[in-house]
Amino acid sequence: MSASAVLPDGRICRYSLRERVVHWIAGISYLYLLLTGLAFWSPWLFWLATLFGGGTVSRELHPWAGLVFVIAVGFMYGLWANQMHTTQTDREFWRALPHYVRNEDEEVPPADRFNGGQKVLFWGFFWCGIFLLLSGLILWFPPLIPWSLRYFRYAAVIIHPVFALLTIGLFIVHVYMGTAMERDSFHSMVRGDVSAGWARKFHPAWYDRLMRAPH
Amino acid sequence: MSQATLEIRRISGHAGSVPGAGLRREFEVCKLIDTTTCIGCKACEVACLEWNGLTFSETTFNNSYQTMPETQWNYWNLIKFNEHERDDGTLQLLMRKDQCMHCEEPGCLAACPADGAIVQYVNGIVDFQQDHCIGCGYCMTGCPFNIPKFSPTARKVFKCTLCVDRVTQGLEPACIKSCPTGCLHFGTKPEMKELAESRAAQLREESGFATAGVYDPAGIGGTHVIYVLHDATNPEAYGGLPNDPRIPWTVKLWKTPLKWIGNLAIVAGLVGVVGHYLRFGPKLPPEEEERP
């Protein structure tokens, strides 16, 4: 089934199989990167490395998982970038954020397939991913960076954790929203479908567009 | 260091004072390298390889007597040769034995994320424990002297140990043992500092090296390897000895303020979402529908 289609049982397909597969490749690789990264971040969390085969194994595999993550984010860019442009509705969404936070969703301007928050999440992970990749490549091969270029290493050791922390902020909000807050959205990312009521309430512009489209 | 525990506290059936009581022990060791009496014979390079069981490496010829461009993971002790042109146009062949400086505030140790991979002993020796090393190479970024080197086969980082195995047995490091000119000395830090200062004063007053001095950089709290230089105002001339070595500021920023800010932000984020759920709860669809 393809995304943005009404299914025979009246439910709506929100995420295609391709979108879900790419999302979970990114999600699982990010989780690995997060937990091993936190092990390197703080001595109080170094025990996390033990869960993944010890510090040496974690150090070996963390960069490879990073490559998987970055490639998945690249696919996401191809899938979603053209749906992530900021619109007037998104600007109004940010002005209406206090209503959104207080679950007064009728006060929030009608979102299309992705609302302003989801777009910030997308571009946040996209740009953080680029900085994490560039600094990560330097950290992956420190012996290949000659002494005369050591300032690149000095930059990488600060850029990598700063952008990792930014993604942790995005990740906390994303997981909270996708599981506890909007429970049906977790199902939509697993099986692909949402109810018509859910679509009408949280993404009205998208729902109206779907209903108008011939199918 | 191990002998310190054998210092006698009480003696049975002993008349009079306890031998050695009240003595002040100096634990901190120091290697003194007098570059003005080094002849570049490289005996220390060979002694280092022999004692530490390192195989000889491929040498690199670069129009100089120097064995290779920089120390390697299995070559911890390297004499750096530099033809230095003085202001009056005359040449000076500078020779400096390069190895780990055993900093009082080691950048490698500050940058290392692996539990117990780098230790600093009370005697000042900074030693790598390869069985705890995870091979990340952060120590190479933290070091201001370009000393720790990554072994592609072991995938761990190695460097000079100041022959900690010899020192704990009361022996001097292998390089010191092999030096034929006596330009290398080993002892306590205050002793070596005093010897270095007196040699520098001699160079200034009797040998015409007006700017001779001791290299014991304060930016990293001093080092447990110190140099006497003919010209202490220009250590860079001695094969790139940094003028004012410090732990890179990005490493310090990463390891202290960023760590605190980051940890607080993560905890605040987690508390925030839990608080939000308790106060506002989930966003539910308009009508409870049966899931397929």
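**Notebook: strands, cores and the A–B contact**

I started with a small pairing: strand S2 (residues 12-13) of chain A and S3(A) run antiparallel, joined over 2 bridges. For my notes, strands pair if DSSP finds at least two bridges between them. Helices (H or I, at least four residues) and strands (E, at least two) are DSSP runs, numbered from the N terminus. This is a predicted model, where local features need pLDDT of at least 70 and side-chain atom pairs count only at pLDDT 80 or more, while totals for chains, interfaces and linings use all residues. Residues are numbered from 1 along each chain as its sequence is written, and chains are lettered from A and ligands numbered from 1 in the order in which they are written.

**Sheet in chain A**

I checked who faces A:Ile12, and A:Val194 in S3(A) stands opposite. The whole sheet is open, has 3 strands in the order S1-S2-S3 (chain A), and pairs antiparallel. Strand S1 (5-6) and strand S3 (193-194) of chain A each have a single partner strand, so one side of each has no neighbour in the sheet.

**Hairpin in chain B**

Next I looked at strand S2 (residues 78-85) and strand S3 (residues 91-98) of chain B, which are antiparallel and joined by 8 bridges. B:Phe81 has B:Met95 in S3(B) as its bridge partner. Between the strands of this hairpin sit 5 residues, and B:Gly89 takes a positive phi near 90°.

**Chain B overall**

I counted 8 helices and 10 strands in chain B. The C-alpha trace spans about 95 × 70 × 40 Å along its principal axes. Chain B has a radius of gyration of 26 Å, whereas a compact globule of 292 residues would have one near 19 Å; the value is taken over C-alpha atoms, and the globule rule is 2.2 Å times the number of residues to the power 0.38. I found 37% of the 292 residues of chain B buried, meaning that 20 or more other C-beta atoms (placed from the backbone) lie within 10 Å of a residue's own.

**Two domains in chain B**

The domain assignment gives domain 1 (25-247) and domain 2 (248-280) of chain B; such bounds come from an automatic or database domain assignment. Their C-alpha centres lie 40 Å apart. Their contact takes 6 residues from domain 1 of chain B and 4 residues from domain 2 of chain B, where contact means C-beta atoms, placed from the backbone, within 7 Å. On the domain 1 side, H2(B) gives the largest share, 3 residues.

**Cores**

Which residues have the most contacts inside the largest nonpolar core? They are B:Cys112, B:Cys139 and B:Ile226, in a core of 93 residues. A core here is a set of buried Ala, Val, Leu, Ile, Met, Phe, Trp, Tyr and Cys residues joined through C-beta atoms within 7 Å. A second, separate core of 10 residues includes A:Phe93, A:Trp198, A:Ala199 and A:Tyr207. Back in chain B, I set aside neighbours within four places in sequence and found B:Cys112 in contact with B:Ala117, B:Ile118, B:Tyr138 and B:Cys139.

**Where the chains meet**

Last, I looked at the two chains together: 36 residues of chain A are in contact with 35 residues of chain B. Which helix gives the largest share of the chain A side? H7(A) does, with 14 residues. That side divides into 19 nonpolar, 7 polar and 10 charged residues. Ala, Val, Leu, Ile, Met, Phe, Trp, Tyr, Cys and Pro count as nonpolar, Asp, Glu, Lys and Arg as charged, and the others, Gly among them, as polar.

Technical notes
Buried ≥ 20, exposed ≤ 12 C-beta atoms within 10 Å, placed from the backbone.
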